[in-house]
Amino acid sequence: LERDNLFRKKHNIHVSGRNIPSPLQKSFAELRSRYNCKSYLLRNLAGLGFEEPTPIQRQAIPVMLSGRECFACAPTGSGKTFAFVCPILMKLQHALKDGVRAVILCPTRELAAQTARECKKLSKGKKFYIKLMTKQLTKSADFSKLPCDILISTPFRVQFAIRNRKLDLSKVEFLVLDESDKLFELGLVEQVDAVVKACSNPSIVRSLFSATLPDAVEELARTIMHDAVRIIIGRKNS
Ligand code: ADP
Ligand code: MG
């Protein structure tokens, strides 16, 4: 649509891919009118003082809500975390005691802890099982029996838990690779790969978020994703 393209241009949103959902053009309230978003989420966004979605949120949220895979590049501090946490919470709808349903991989423990805190902020008032993979947890007797709507971890800790057969990822519906450029810089590709393989649900939706999009990251995105939407905010490697 012409209107979507004009809007994207104005907000410096560059997209490629087939049949891309319209960006959010107004406030977060549009999530209710377009996607029937629950009140707790809008309340939490308002409580955080967020008036409008950031450009990456405007485009990535509708893409993920429509069930499409995406790889997205937007500058540091541009709100990438909620760009994926928000649609994941909406898609999961409510807590289930049904194994691990979403996995977010972060390059460092600090970033994983921070992302877990953000997930909790956004899900306040809803009893989602949000788990940060700690060292103790990787060793815990039978992780696969613990309810876990969203698991947040470094690739290393997940891989360790998989190897010890304590973690079953075969039901995961959403896999996010956050800060993918750093995952690469830190040499974590093999571990990421092991996690991608363990998430064997054929209807999984994968997404990749990054501050820069070096060729290696773009290549990874293209090899693991199907019919993905590519979203760049501003310029690819700025
Ligand atoms: P990135 O992952 O792109 O580096 P973050 O997701 O960490 O950025 O977000 C950076 C900061 O912006 C955080 O403090 C976050 O709470 C805030 N933020 C996220 N979304 C919005 C929004 N729509 N409006 C205002 N601030 C936001
Ligand atoms: Mg981030």
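**Notes on the surroundings of ligand 1**

1. Around ligand 1 there are 15 residues, and those that come nearest are Glu52, Gln57, Gly77, Lys80 and Thr81. Please keep in mind throughout that this is a predicted model, and that the distances and areas in these notes belong to that model.

2. Polar contacts can be followed atom by atom. A backbone N or O atom of Gly77 is placed 2.6 Å from an oxygen atom of ligand 1, while for Ser78 a backbone N or O atom is placed 3.1 Å from an oxygen atom of the ligand. Thr81 takes part through its side chain, where a polar atom lies 2.8 Å from an oxygen atom of ligand 1. Taken alone, ligand 1 would expose 570 Å², and the protein buries 71% of that area.

3. As for where the ligand sits, the space that ligand 1 takes up is the largest pocket. Helix 5, which covers residues 80-92, gives the most to the shell around ligand 1, contributing three residues.

4. What kinds of residue make up the shell around ligand 1, if they are divided into nonpolar, polar and charged? The shell holds five nonpolar residues, seven polar residues and three charged residues.

5. One annotation comes from a record and should be read with care: UniProt, in an unreviewed entry, places a short sequence motif named "Q motif" at residues 30-58. Over residues 30-58 the chain of the model is 66% helix and 0% strand, and the C-alpha atoms at the two ends are 10 Å apart.

Key: Residues numbered from 1 in each chain as written. Chains lettered and ligands numbered in written order. Predicted model: local features only at pLDDT ≥ 70, side-chain atom pairs only at ≥ 80, totals over all residues. Heavy atoms only, no water. Near = heavy atom within 4 Å. Polar contact = N/O pair within 3.5 Å; in protein donor to acceptor, adjacent residues only side chain to side chain. Areas by Shrake-Rupley, 256 points an atom, 1.4 Å probe, with all protein chains shown as cover. 1 Å grid on protein atoms, 1.4 Å probe; cavity = no way out; pocket = protein on both sides within 12 Å on 5 of 7 lines; lining within 4 Å. Sits in = over half its atoms within 2 Å of the grid points. Helix = DSSP H or I, 4+ residues; strand = E, 2+ residues; numbered from the N terminus. Nonpolar A, V, L, I, M, F, W, Y, C, P; charged D, E, K, R; others polar. UniProt positions renumbered as here; feature names shortened; annotations may be inferred.
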